[in-house]
Amino acid sequence: MPPQATLQPAAPAFDVKVDFSLTINGRKHSFSVEPWVTLLDLLRERLDLTGSKKGCDHGQCGACTVLVDGKRINSCLKLAVTLDGSEITTIEGLADGDRLHPLQQAFVEHDAFQCGYCTPGQICSAQGLINEGRARTAAEIRELMSGNLCRCGAYTNIVDAVEEVVRQGALHKEAAE
Amino acid sequence: MSTSTTASSIGQPLSRIDGPAKVTGRAKYAAEHAADGLAYGWVVSSAIAKGKVKAIHEEAARAVPGVIEILTHKNRPHVAWFDRSYRDQVAPPGEPFRALYDDEIKFSFQPLALVLAKTLEAARAAAALLRIDYIQEEPNTDFENSLEKAYVPPKKRSGIPAPASRGDAQKALDEAHLKVTADYASAAHHHNPMEMHATTVIYGSDGALTVYDKTQGSQNVKSYLVGVFGLANDKVTVRNPYVGGAFGSGLRPHYQVYLATMAALYLKRSARVTLTRQQMVSHVRRPETFQSMALGASEAGGLQSIINSAVTATSTFEDYQENVVNWGVGAYRCADAAADYKLVALDTPTPGDMRAPGAATGMTLFECAMDELSYAVGVDPLQLRLLNYAEVDPISGNPFTSKALREAYDIGAERFGWGKRPSEPRAMRDGNELTGWGMATGMWDATFQKTSARARISANGGLEVATAASDIGTGTYTIIAQVASETLGLPTANIDVKIGDSDLPASPIEGGSWMAASSSAAVQLACQSLGTRLFEAAQDLDGSPFKDIKFEAVSFNDGRIIAKDDPSRFLSITDIMKRADLPSLEVVETAGPGLSGMVSQVKKARATHSAIFAEVKVDDELGVVRVTRIVVAVAAGRILNPKTARSQIMGGVVMGMGMALHEESMMDTRFGRPMNHNFAEYHIPVNADIHGIDVIFVEEEDKEVSPLGVKGLGEIGIVGTAAAIASAVFHATGTRVRKFPITLDKLI
Ligand code: FES
Ligand code: FES
């Protein structure tokens, strides 16, 4: 009879590092980090880009929303290594120097936040939504921004801010056409 | 001294001055302050709700590369012995919780170990490998089935009024023409601010600690740390410049600041502890509430008796108390009223204040009973309130400093279109949906607390105003800037507001809606006093244009002091500073009730009021409830900034919608284990849930409530909102749900 194999879990391997690079807010970074580091933790803990927030770490709140190649994602759910070569835009990368991005400006003017903790995620999500070209009405904005929770309850102001920027964008587009 | 109106004056809708920092990600919250050699702490929480730690197996965890230390009750450094060292400004009576103190387990998710590592990932991995053996005991976390064990708290929590009874309510009830009795319950709620509780402790080269904590009161946390760890007063500074929401969860110092500080002192290096969203159920919640009400009324609907009894949950080690019952007995004119309040002790963390503590539940549930009475009497719900309108405070018999609730009812009803409401339930239909209209009254205390502020002007005309206040999203930064701007006639661009630091002049914790009234009074006083000093310096100058005039005869505008009756006589502030050779000028002033020159403590009742009107649409078959319209008219004295004020109210209303329809912290009572400790299962309103919210501020001039006539807005938005929604749900469906939240299973 062959010796019985003991079913022991393999000792966890902690000394694995993977090399990859990301372009973050226009700057290229090279990394050598463990494959279990999420994009959110990479940004916050290793690059001091703390604008992206952690509200749940489980993909349930949207506070960590960033843009990867223009698409909005929950960065807490994404392992950084899987994004090798991607372009990441975080809240820190939206303003043009001292000039606020139109969404940032609209959020300030409409008081679309209180504590501000969900705000970077809301703004990145709104930019992602605009990139998707799907937000045409307030009702659509409400629905399509529902992945971003705001415990301060700034929702109606968020919709007003996003709607204003969407409308401005539509005007610009019309003007350009 | 006077100024003219500018965009930053008091009462103007100035955009938040901290807005740009928040929308660009520059605002740093508690877990976001970098430090060299930072040790990341990960809390290991108890898997059982009651018992003892038998053994902790650390080998596998310690073997994870990067682990620095694991702190447990076995190896933790010395902490204070006496309970009083742990008691903070808002602690209820009892023995405050001490993490890692001994092997005893008092609640599920109690912190049992802190893993410290060089990276977040290593700390997390090691924490997952820590194995704990337990000795289990049977916990009791079943509120509903423990009501018969309720007791009157032997020691009262300071600041909480005793239940107020008057006359003979039982007799009056027996003799009343009409009676309504109703038992109502509200689920426990977790504050769930978007930012998890976190602390970063920066260990200075001299051993001094700079503690960035998620708190509503830096000075409260500081004195706690000084007491618990025996620190010298000048060796610890607590800062909270930005707080990612709190709603009461940051009133008391919680175990993350205790653990992070313990770790930093033990390791002599900087340390951070951030709770997970799941662990956010392990410190504080709005308690489960049960309220039993009996109302007696005349045939016409005049209240003749109110009996209002409530039971709320607490822990086994502290008697957390709130004012639940006095809202009901204090809201309406009624000669005979009785109130009583008891606690049930559960094997859970100690509950705590959450937005409008006591009122969000007590007043709301009472208003539900009023709605039932309106149907029993056969009068319109609004009419019933007007019929029983209290011109004076029914509890003390004192008049109010102001009470524009009648106007709020009128304006709110008008805006809502209440007059068109059919009186019968199920009378309005919109396709598959039944439409219902409901209303309720809201009430909260308007208080003003002793606060100090410093104002300093430098030679270049830059003004710094400072007080240890907090801005938890309330707009404190902005209103302080507005008050300073108006008082000294400077643009907000020249004003630097410094708050959120325990080293600054004393401020109460941010809570109870007193921050705006208190900090605005202190800042105004400091700026007025600075203005006087500037004027005196100007008078002393050679050839001063103010030699022969009094302070009252000048105004502060545009960075200048100007003679009111001759605008050609003026001096700019920078000129005064330069010519008087002053590098800076600084004053510290304290405002508080009863202090000289402040509003007197006349025997009057002080309260904020609101009238809330709600429209719901309920799917007749599926029971899905949508709140399609809210109109809330608020009488809150003077509004410092209508933009941030409106946001405060909306935030309260949204949370009230959550309370009405979604929020419920569930317990698996077999194990005493929280079941829905995450955002996927603890539902808060999302964007798609929110439709029109119309906020109206009713004019209310009040010279007695606080120096600037401000009453505060943090709580009032939530009070009564769930009652208005419940009233609308009944109006839509004819089904009375007496247990919040009103989930669809209760309607079908
Ligand atoms: S932190 Fe990523 S979704 Fe909540
Ligand atoms: S602004 Fe505080 S959570 Fe959205």
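Select B:Asp496 first. This residue is partly exposed, with a relative accessible area of 36%. Keep in mind that you are looking at a predicted model. Now add B:Lys498 to the selection. B:Lys498 is also partly exposed, at 34% relative accessible area. The two side chains meet in a salt bridge, 2.9 Å from N to O. Side chains of opposite charge can pair when their charged atoms come close.

**Across the loops of chain B**

Next, select B:Glu704 and B:Lys604. They form a salt bridge, and their closest N and O atoms are 2.9 Å apart. Color the flanking elements to see where each partner sits. B:Glu704 is in the loop between strand E28 (692-697) and helix H15 (721-733) of chain B. B:Lys604 is in the loop between strand E23 (584-591) and strand E24 (607-619) of chain B. The pair therefore ties together parts that are 100 residues apart in sequence. Are these two residues buried or partly exposed? B:Glu704 is partly exposed, with a relative accessible area of 24%. B:Lys604 counts as partly exposed too, at 27%.

Stay in this region of the sequence and pick B:Lys703 and B:Glu701. Their side chains meet in a salt bridge, 2.9 Å from N to O. Both residues are exposed.

**From chain B to chain A**

Select B:Arg124 together with A:Asp41, A:Lys54 and A:Asp57. These four are linked in a network of salt bridges. Over all chains, the salt bridge count comes to 51.

**Between the domains of chain A**

Hide chain B. Color residues 18-93 of chain A as domain 1 and 102-176 as domain 2, following the domain assignment. Their C-alpha centres lie 21 Å apart.

Now show the interface. On it, 16 residues of domain 1 of chain A are in contact with 18 residues of domain 2 of chain A. The size of an interface is often given as the accessible area lost when the parts come together. Here the buried area is about 1200 Å², and carbon and sulfur atoms give 54% of it.

How many salt bridges are counted between domain 1 and domain 2 of chain A? The count is one. Select A:Glu132 and A:Arg72 for a salt bridge whose closest N and O atoms are 2.8 Å apart. Then turn on polar contacts: eight residue pairs are found across the interface of the two domains.

Finish on the domain 1 side that touches domain 2. Strand E3 (residues 65-68) of chain A gives the most to this side, with three residues. By class, this side has five nonpolar, seven polar and four charged residues.

How values were computed: Residues numbered from 1 in each chain as written. Chains lettered and ligands numbered in written order. Predicted model: local features only at pLDDT ≥ 70, side-chain atom pairs only at ≥ 80, totals over all residues. Heavy atoms only, no water. Domains from an automatic or database assignment. Contact = heavy atoms within 4.5 Å. Buried area = accessible area lost by both parts, 1.4 Å probe. Polar contact = N/O pair within 3.5 Å; in protein donor to acceptor, adjacent residues only side chain to side chain. Helix = DSSP H or I, 4+ residues; strand = E, 2+ residues; numbered from the N terminus. Nonpolar A, V, L, I, M, F, W, Y, C, P; charged D, E, K, R; others polar. Buried < 20%, exposed > 50% of the residue type's maximum accessible area, 1.4 Å probe, protein only.
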